[in-house]
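User: Hi! Could you walk me through this model when you have a moment?
Analyst: Happy to. Here it is, and then ask away.

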2 protein chains.
Amino acid sequence: MNRADASLIAIRRILRATEQFGRELAQSAGLTPVQFRVLQIVAERGDSTATAIAQRMHVSQATVTSLVDRLVRQGMVVREKSRTDRRQTNILITDKGRRTIEDAPDPLHQRYVDEFLAMEDWEQAMIVAALERVAAMLDAKDMDASPVLDARDIRHEIRDEPAEEPHAAG
Amino acid sequence: MNRADASLIAIRRILRATEQFGRELAQSAGLTPVQFRVLQIVAERGDSTATAIAQRMHVSQATVTSLVDRLVRQGMVVREKSRTDRRQTNILITDKGRRTIEDAPDPLHQRYVDEFLAMEDWEQAMIVAALERVAAMLDAKDMDASPVLDARDIRHEIRDEPAEEPHAAG
DNA sequence: GATGCTATTTAGCCTACCAAAGCAATTTGG
DNA sequence: CCAAATTGCTTTGGTAGGCTAAATAGCATC
C-alpha cells in the first residue's frame with residue numbers, strides 16, 4: 001500500500017464518518033438529515049425565517065417551505081406571522097423540537113474537538129498543517145468555511161453565490 | 001483562530017472540494033453525479049450488470065434500473081441480454097459513453113495523487129499520519145475504504161449491512 | 001414439470017431539490 | 001393617498017434519486 005493510497009483512504013474515511021454521523025443523528029431524531037439541519041438552524045436562536053434558513057443552507061425558499069411543512073407536521077416547529085412585518089413568517093421551535101435537538105447525540109464536531117484538544121501541541125500543529133495542505137491540494141480556491149463540522153449541509157453549500165445568476169440552465 | 005477550528009475548517013474544505021468536483025464533473029459531462037458514477041462503473045470493463053452496479057454503489061437494483069434507463073435514453077449505454085444466462089442483462093457502454101468519460105476532467109483523486117507524489121517524502125509521511133489520526137478520531141471503526149476518492153458514492157455507501165435491520169422508523 | 005432461486009423490471013411511494021407563478025404585505029414614487 | 005415595485009412566503013408542477021413489493025423471466029434441481 002503506497003502512501004498516496006493510504007491518504008486517499010483516510011480522506012474517504014473522514015468523508016464517510018461525517019456523512020454517517022449526520023445520518024445517525026437524524027435517524028435517532030426521527031428526521032432526515034436535511035430536516036434535522038433545518039431544525040438545528042431554528043434551534044440556534046429559537047426562531048428563524050424561511051429566507052434565513054434558505055440562505056444558510058443554500059437552497060431555495062421553496063425547498064425550505066416544504067421542509068418546514070414536515071417539521072410542522074411533526075410538531076417540531078410552528079409558524080407564526082411576525083408582528084413587525086406581516087409578510088414575514090417566524091418559524092419557532094417547539095418544546096418537542098428542542099427536546100429532539102437535545103436528545104440527539106453530541107454533534108460530531110464536539111466529539112472531534114474534545115479529542116483534538118487532548119492531543120499534544122506538536123501533534124495538533126502537525127494535523128492542522130497536514131489538513132490544510134490536503135485541502136489546498138483538493139481545493140485550489142481558499143474559501144472561508146465555517147469551523148462547524150456538519151455533513152448535513154455540505155451537500156449544497158457549494159453553490160456559493162446564488163444571488164448573481166440563478167443558473168438559467170434547465 | 002485556534003487550531004481545533006483551523007482543522008475543522010480544513011476538513012470542511014476537503015468535503016466541499018470533493019462534492020464540488022463531483023458536481024463540476026457531472027455538469028461538464030451533462031450527467032448527474034450519480035449517473036456519471038454508473039457510467040464510470042460500466043466503463044471500467046466496458047460492460048456490467050445491474051446487480052454488479054447496485055452492489056458497487058450500495059443501492060437497490062430498482063434504483064440502478066432507473067439510472068440505466070436515463071443513460072440509455074442519452075445513448076451512453078445500451079442493454080443487451082446475456083447469451084450465457086438470459087436472465088442477465090449486460091449493460092454495455094457506447095462510443096458516446098466512452099467519449100463522455102474520456103472528455104471528463106481528471107478524476108479528483110488523480111489530480112490529488114499527482115500532487116501528493118510531488119511532495120517530499122517526509123511530508124507525505126506526515127500527511128498520511130495526520131489524516132489517519134483524524135479519520136480515527138471521527139470514525140472509531142476501521143473500515144476498508146477503497147483508495148478512490150469519489151464523493152459521488154459516499155452518500156450511500158455507508159449503508160453497510162442493510163440485511164440485518166431495515167430501520168423500521170418511518 | 002413443479003418448486004424454488006436469481007436477475008431484472010415495473011409500479012407506487014418517499015425525500016429533496018428547483019423554477020415559475022401566485023398571494024400578501026410593505027415600501028416607494030408620484 | 002394610491003399604484004407599482006419589492007419582499008417574503010407558499011403553491012404548483014417538474015426532476016432526480018432513493019426505497020420496497022410485486023411481476024416477469026430464466027435457470028436449476030429433484
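**A buried methionine and what lies around it**

Analyst: This is a predicted model. Let's start with B:Met119, which counts as buried because its relative accessibility is 7%, below the 20% cut-off.

User: Nice. Where is B:Met119 placed?
Analyst: B:Met119 belongs to the loop between α6 and α7 of chain B.

User: And what does B:Met119 touch, not counting residues up to four places away in sequence?
Analyst: Its contacts are A:Arg133 and A:Met137 from chain A, plus B:Gln124 and B:Ile127 from chain B.

User: How far apart are B:Met119 and B:Leu71 in space?
Analyst: Their C-alpha atoms are 39 Å apart, with their places 48 residues apart in sequence.

User: Let's talk cores. How many residues are in the largest nonpolar core?
Analyst: The largest nonpolar core has 42 residues. A:Tyr112, A:Ile127, B:Tyr112 and B:Ile127 are the ones with the most contacts inside it.

User: Which helices supply at least two residues of this core?
Analyst: In chain A, α1 (3-29), α6 (108-118) and α7 (121-138) each do so. In chain B, α1 (3-29), α6 (108-118) and α7 (121-138) each do so too. As background, nonpolar side chains in soluble globular proteins tend to be buried together.

User: Can you zoom in on A:Tyr112? What is it in contact with, leaving aside neighbours within four places in sequence?
Analyst: In chain A, A:Tyr112 is in contact with A:Ile127 and A:Leu131. Across in chain B, A:Tyr112 meets B:Ala4, B:Ser7, B:Leu8, B:Ile11, B:Val134, B:Met137 and B:Leu138.

User: Changing topic: what's the strand order in the sheet of chain A?
Analyst: The order is β1-β3-β2, in an open sheet of three strands with antiparallel pairing. β1 (47-49) and β2 (77-81) of chain A stand at the edges with a single partner strand each, so one side of each has no neighbour in the sheet. From one strand to the next, the twist averages 30°.

User: How many bridges join β1(A) and β3 of chain A?
Analyst: Three bridges, in the antiparallel sense, pair β1(A) with β3 (residues 89-93) of chain A. A:Thr49, for one, has A:Asn90 in β3(A) as its bridge partner.

User: Which strands do α3(A) and α4(A) lie on?
Analyst: α3(A) lies across β1 and β3 of chain A, at about 85° to β1(A). α4(A) packs on the sheet by touching β2 and β3 of chain A, and its direction makes about 115° with that of β2(A).

User: What about α2(A) against α4(A), how do they cross?
Analyst: The axes of α2 (residues 33-45) of chain A and α4(A) cross at roughly 85° and come within 10 Å. That angle falls in the 65 to 115 range, so α2(A) and α4(A) are roughly perpendicular to each other. From α2(A), A:Val34, A:Gln35, A:Val38 and A:Leu39 meet A:Leu67, A:Val68, A:Arg70 and A:Leu71 in α4(A). Six of the residues in this contact are nonpolar, one is polar and one is charged.

User: Last one: what is phi for A:His58?
Analyst: Phi of A:His58 is near 60°, a positive value in a residue other than glycine. A:His58 is in the loop between α3 (50-57) and α4 (61-73) of chain A and is partly exposed, with a relative accessible area of 21%.

User: And B:His58?
Analyst: B:His58 has a positive phi of about 60° and is not a glycine. Its place is the loop between α3 (50-57) and α4 (61-73) of chain B, and at 30% relative accessibility B:His58 counts as partly exposed.

Definitions and conventions
Residues numbered from 1 in each chain as written. Chains lettered and ligands numbered in written order. Predicted model: local features only at pLDDT ≥ 70, side-chain atom pairs only at ≥ 80, totals over all residues. Heavy atoms only, no water. Core = buried A, V, L, I, M, F, W, Y, C linked by side-chain atoms within 4.5 Å. Buried < 20%, exposed > 50% of the residue type's maximum accessible area, 1.4 Å probe, protein only. Helix = DSSP H or I, 4+ residues; strand = E, 2+ residues; numbered from the N terminus. Contact = heavy atoms within 4.5 Å. Axes fitted to C-alpha atoms, helices over the stretch in contact; angles between N-to-C directions. Parallel < 35°, antiparallel > 145°, perpendicular 65-115°, else oblique. Nonpolar A, V, L, I, M, F, W, Y, C, P; charged D, E, K, R; others polar. Pairing = 2+ DSSP bridges.
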